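Let's take a walk through this structure together, starting with its enclosed spaces and moving on to the place where the chains meet. Keep the 3D view open as you read.

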Amino acid sequence: MTGWLPISLREHDLEIKKDWPSFRTMLFDPRHQCATWRGELHPQINIYTVEIEYSMKQLIDGPKVRVISPSLVRCPGNNEGSLPHMYDRDTDPYLCLFDPRAREWTGWMSISKKIIPWTIDWLACYEDWLLTGVWHGGGRHVTTFSGMHFDLEAHQ
Amino acid sequence: MTVNITSGLDPFLDPIDRILAEIAFSIQLPPSLHAKAVGRYEAVRKHLEASAAFQDDIEHFYPQGSMAIDATISTRGTDDEYDIDIIAQLGGAFHNMQPLDVLSELENALYGYRGLTVKRQSRCVTLEYADNMHLDISPVVRDYGYKDRQSRIMHAKGPHYSSEDSRVPTNAYAFVEWFKSRTPNETRVRDAFQKRWLNDTRFRADAEVDDVPDQTHFGAKNMATLALQLIKRYRNIRYSDPRRTGRMPPSVMLAYYAALTSRPGQRLADALIGICSAIIVDIAVSSGAGQMLHVANPEYSSDVFTDRWPENIAQQDLFARDLNELVTGLNHLRSGNADLTKMPGWLREMFGERVVSNVIDRIAKEKGSAIQMSNQSYTNRGGLLVAAPTLVTPAVAKTPPVIQPSPHTFFGDAP
C-alpha cells in the first residue's frame, strides 16, 4: 500500500502486460471501472488459460481468477473437497488465493506481482493434489460465513 | 586463473525432468555403497592374489560395465540389490586352460571367502553379500599384441565340458573409454546430483560419518547416464514380469545407444526419448530385413553386445513395443495437457510402485513447503521454480527479478 488511492485499472493493465507476455486485455471499461485479462500459465506439467476479472468494486474481495482451460478435474470424496480452495465450487468456480480477512491483498496492491504469482502457486498445488490426493500448499477453509465475519478453521 | 565453465542443465528444474531425475536418484547406487563396492573388489583381489592358484597371475582387476560408467542401478525390479561387474584379467597358465576350468578355479578360490555365497555363472563367478550386493567377477585372458585390454572372456555353462564352451572376444575397457568420451561431464548435472545426495538423509545415515570425504563418488555426471539408468530401470521392471522368459536386452547395448545419442545440454526426457527412438529405429530396420539386431563394441567389432539377446525377431519386436510405449507416455507428459490423475499409475507401471510413489510424494511436499515459506520463484511464462537459485540455468535466468514470492493463504469454501 504505497498511496492514498488504490492502484488504477490502467496501472494494473500496463504492469500485467509488462510482467507476463502471454497476458492480453480482453476487456477494459473505464466507464464501469472494470477489466478482464486472459493469459497462459505453465506452472509445472500442464498449460492453463486463466482469466482475471477485476473492478474497482473489488478492492477488498480481490479479482476473480478462473481457469478457462483445461477444465479443472474434480475428485469427489477427497478430504479437501472435490476441488480445493475455490469459491462457488458448484456454480461459477474461481480460485481462492488469499485470506481477505488478513488483508493479504487489497486494491492498493499489484495484481501482476501478487495475484498472478499466487495463481501459479495454486495451479502447482492443484497439479500435485491430482497426483497425490493431498493439498500440500497449506491454507484455510471458511466454515461459516455471516456478513463480513469469517469463522476460520486452521487447515494443515 | 581458474575458469569454471558450466555445462548442461540442472535436471531438478524442469518439472518432468525433475520427476525422472528423482526416480534415477532413488534407484542409483548410493555414494556410500559405491565406496563399499570399491573396498570389496579391492579386498577380493587381495584374497585372490594370496591364493595359490592366482598368485602373480592377476594382471588387471577393474570394474566394467555399469560400475565403470556410473550407471549402476538396483537389480531387476528391486530397490536395494546391486550387481557390480568386475573384470579379472588373468595371465600365466590361465591362457591355456579350458574356459570351464578357469571359471571353476575362480569359484574354488572364492569358496568360503568371508562366509559368502559363491555361484559360478556361464561367464562370471558371483559373490553374494548379505546386504544384497552381488560382485560378478568375469575372468578374461588378454589378446597380447592388440589394442589395450582386448581380451577373451571365459564362457562355459558347466558343469561338464561342452562344444559350446568358448572364449568370447571382449574389450570392456575400450568400450568404457568410448562411452566416457561421448558423454562428457555436465557440470550442472554433476553439481545438482552432488547437492541432492548431500541433502539426502539416507546418505548421511548410510555413511555414518560427520563429514563427506573429499573423494566421495557421487555417480552420474551427465544426462545420458541418467537416461541410461532410467531405461535400464524400465527394462528391469518389464522383464521382472514372470510371464516373460529368456534373457533381457543387455545393459551394455543400452549403454551403447545412450552414448551414441548423447547431446550436450539436452534435457533428461529428451535424452531418454533419444535412446529409445534410436533402438526402435534399428530394431525396425533389422526386423524389416528379417534379421536380428546386431550391435557390436564400437572399439572392437568382434565384441558383439547382442550375442545372447535377441534370440529371435519376436524378442526384439517386443522390446521395441516396450520402448514405444515409454516414448508415447513421455510425449503425453510433455504435451502440456496430460491427464494428471492417470500419470502416477503410468509412472508406477514404467518405473516401479514404491519408487514412483515416494518420488511423487516427495516432490509435492517439497514444492508445497517452498510455497508456504515463499521460497519459490517464477518464470515470466508462468512457470514455478523451487530449486536453489545458485543452480539456475540460462533459460531460467530470464525470470523477471521484479516478481518476488510473497506469503499468502489459500482460502475458500469448506470442503
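A good place to begin is the largest cavity, whose volume is about 100 Å³. Bear in mind as you look that this is a predicted model. Thirteen is the number of residues to look for around this space: of the 13 that line the largest cavity, Leu29(B), His34(B), Asp70(B), Thr72(B) and Gly219(B) are the closest to its centre. Sorted by class, the lining has seven polar residues, five nonpolar ones and one charged. In total, the structure holds three cavities of 30 Å³ or more.

Now turn to the second largest cavity, with a volume of about 80 Å³. Which residues line the second largest cavity? From chain A come Gln44(A), Ile45(A), Asp128(A) and Leu131(A), while chain B brings Pro15(B), Arg18(B), Ile19(B), Ile360(B), Ile363(B) and Lys367(B). The elements that give two or more residues to this lining are α2 of chain A and, from chain B, α1 and α13. Here the classes divide into six nonpolar, three charged and one polar.

Two of those lining residues deserve another look. The side chains of Lys367(B) and Asp128(A) meet in a salt bridge, with 2.9 Å from N to O. How many salt bridges does the rule find across the interface of chain B and chain A? The count there is one. Polar contacts add to the picture, with 24 residue pairs found across the interface, both partners at pLDDT 80 or more.

On the chain B side, three helices each supply at least two of the residues that touch chain A: α1 (15-27), α12 (343-351) and α13 (353-372). Helix α13(B) gives the most to that side, with nine residues. By class, the side of chain B that touches chain A has 21 nonpolar, 16 polar and five charged residues.

Stepping back to the interface as a whole, the contact draws on 55 residues of chain A and 42 residues of chain B. Together the two chains bury about 4100 Å², and 60% of that lies on carbon and sulfur atoms. If you want to find where chain B loses the most area to chain A, look at Leu340(B), Phe410(B) and Phe411(B), which together make up 22% of what that side buries.

Salt bridges also turn up elsewhere, and over all chains the rule counts 31. One to find in chain A joins the side chains of Asp99(A) and Arg140(A), at 2.9 Å from N to O. Asp99(A) sits in the loop between β6 (94-95) and α2 (111-132) of chain A, whereas Arg140(A) belongs to strand β7 (residues 139-146) of chain A, so this pair ties together parts that lie 41 residues apart in sequence.

Our last stop is the largest pocket, which holds about 1500 Å³ of space. Which residues are the closest to its centre? Of the 46 that line the pocket, these are Asp85(B), Asp136(B), Arg247(B), Ser251(B) and Arg308(B). Helix α8 (residues 223-239) of chain B gives the most to the lining of the largest pocket, with four residues. By class, the pocket lining has 18 nonpolar, 15 polar and 13 charged residues.

Notes
Residues are numbered from 1 along each chain as its sequence is written. Chains are lettered from A and ligands numbered from 1 in the order in which they are written. This is a predicted model: local features need pLDDT of at least 70, side-chain atom pairs count only at pLDDT 80 or more; totals for chains, interfaces and linings use all residues. Side-chain values use heavy atoms; hydrogens and water are left out. Contact means heavy atoms within 4.5 Å. Buried area is the accessible area (1.4 Å probe) that two parts lose on being put together, summed over both. A salt bridge is a side-chain nitrogen of Lys or Arg within 4 Å of a carboxyl oxygen of Asp or Glu. A polar contact is a pair of N or O atoms within 3.5 Å; within protein, one must be able to donate a hydrogen and the other to accept it, and residues adjacent in sequence count only if both atoms are side-chain atoms. Ala, Val, Leu, Ile, Met, Phe, Trp, Tyr, Cys and Pro count as nonpolar, Asp, Glu, Lys and Arg as charged, and the others, Gly among them, as polar. On a 1 Å grid over the protein atoms alone, a cavity is a set of points where a 1.4 Å probe fits but cannot get out, and a pocket is an open set with protein on both sides within 12 Å along at least five of seven lines; lining residues have an atom within 4 Å of a point. Grid points are joined across faces, edges and corners, and a volume is the space filled by probe spheres set on the points.
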